[in-house]
Amino acid sequence: MKLLLLTICSLVLFACQSEDAASNRPDIEIEAPREEPIQNSTGEFIAKIISLNENNAVVLAEDLSGYPNGAEISVSLPAGEDWETGDVVRIEYEGGFMESDPMQINQKSVEKIE
């Protein structure tokens, strides 16, 4: 009986102490993450056209940093040129790569390399 009474008193004191400790804690404010400005990076790569659909193509960029097995990228081709599967092109882009299948970019220019 004394053991039961001692256990109950201990639990009550522990519960009161926990509540006081919680009320004495300083309020913690959580800051929202800061958004870093998006930098307009530009770059270029060489690729080979692997499929054509009117003025759009999917190219394979084999020497693209971060993609050891190459990357398929969707691009728009300028009208007025004869494009064929197997043509090698230089593509200039701005910003990052959109991870889709095939990947997409904000291209600035596409030119055929003779």
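The chain contains 1 helix and 5 strands, where helices (H or I, at least four residues) and strands (E, at least two) are DSSP runs numbered from the N terminus. Read from the N terminus on, the elements follow the order α-β-β-β-β-β. The model is a predicted one, in which local features need pLDDT of at least 70 and side-chain atom pairs count only at pLDDT 80 or more, while totals for chains, interfaces and linings use all residues. Residues are numbered from 1 along each chain as its sequence is written, and side-chain values use heavy atoms, with hydrogens and water left out.

The pairing of the strands is a useful place to begin; two strands are said to pair if DSSP finds at least two bridges between them. Strands β1 and β2 run antiparallel and are joined by 5 bridges, one of the facing pairs being Asn53 with Asn56 in β2. These two strands form a hairpin with 2 residues between them, and Glu54 in the turn has a positive phi of about 55 degrees. Strand β1 also pairs with β4, again in the antiparallel sense, over 7 bridges, and here Thr42 stands opposite Glu94 in β4.

Turning to the interior, the largest nonpolar core (a set of buried Ala, Val, Leu, Ile, Met, Phe, Trp, Tyr and Cys residues joined through side-chain atoms within 4.5 Å) has 18 residues, and those with the most contacts inside it are Phe45, Val59, Ile73, Val75 and Ile91. At least two residues of this core come from each of β1 (42-53), β2 (56-61), β3 (71-76), β4 (88-98) and β5 (103-112). Ile91 may serve as an example: leaving aside its neighbours within four places in sequence, Ile91 is in contact (heavy atoms within 4.5 Å) with residues including Phe45, Val59, Val75, Ile105 and Val110. Across the chain, 51% of the contacts with a separation of 6 or more are between residues 24 or more positions apart.

Charged side chains add further links, and a search of the whole structure finds 4 salt bridges, each being a side-chain nitrogen of Lys or Arg within 4 Å of a carboxyl oxygen of Asp or Glu. One of them joins Asp87 to Lys112, with the closest N and O atoms 3.5 Å apart; this pair links distant parts of the chain, Asp87 lying in the loop between β3 and β4 and Lys112 in strand β5, 25 residues apart. Asp87 counts as buried at 14% relative accessibility, whereas Lys112 is partly exposed at 22%, buried meaning under 20% relative accessible area, exposed over 50% and partly exposed in between (1.4 Å probe, protein chains only).

Another salt bridge brings together the side chains of Arg90 and Glu111 (3.9 Å, N to O), and because Arg90 lies in strand β4 and Glu111 in strand β5, this pair ties together parts that are 21 residues apart in sequence. Both are partly exposed, Arg90 at 29% relative accessibility and Glu111 at 41%. Glu44, Arg90 and Glu111 are linked in a network of salt bridges. The side chains of Lys108 and Glu92 also meet in a salt bridge (3.8 Å, N to O), with Lys108 in strand β5 and Glu92 in strand β4, so that parts 16 residues apart in sequence are tied together.

For the chain as a whole, buried residues make up 19% of the 114 residues.
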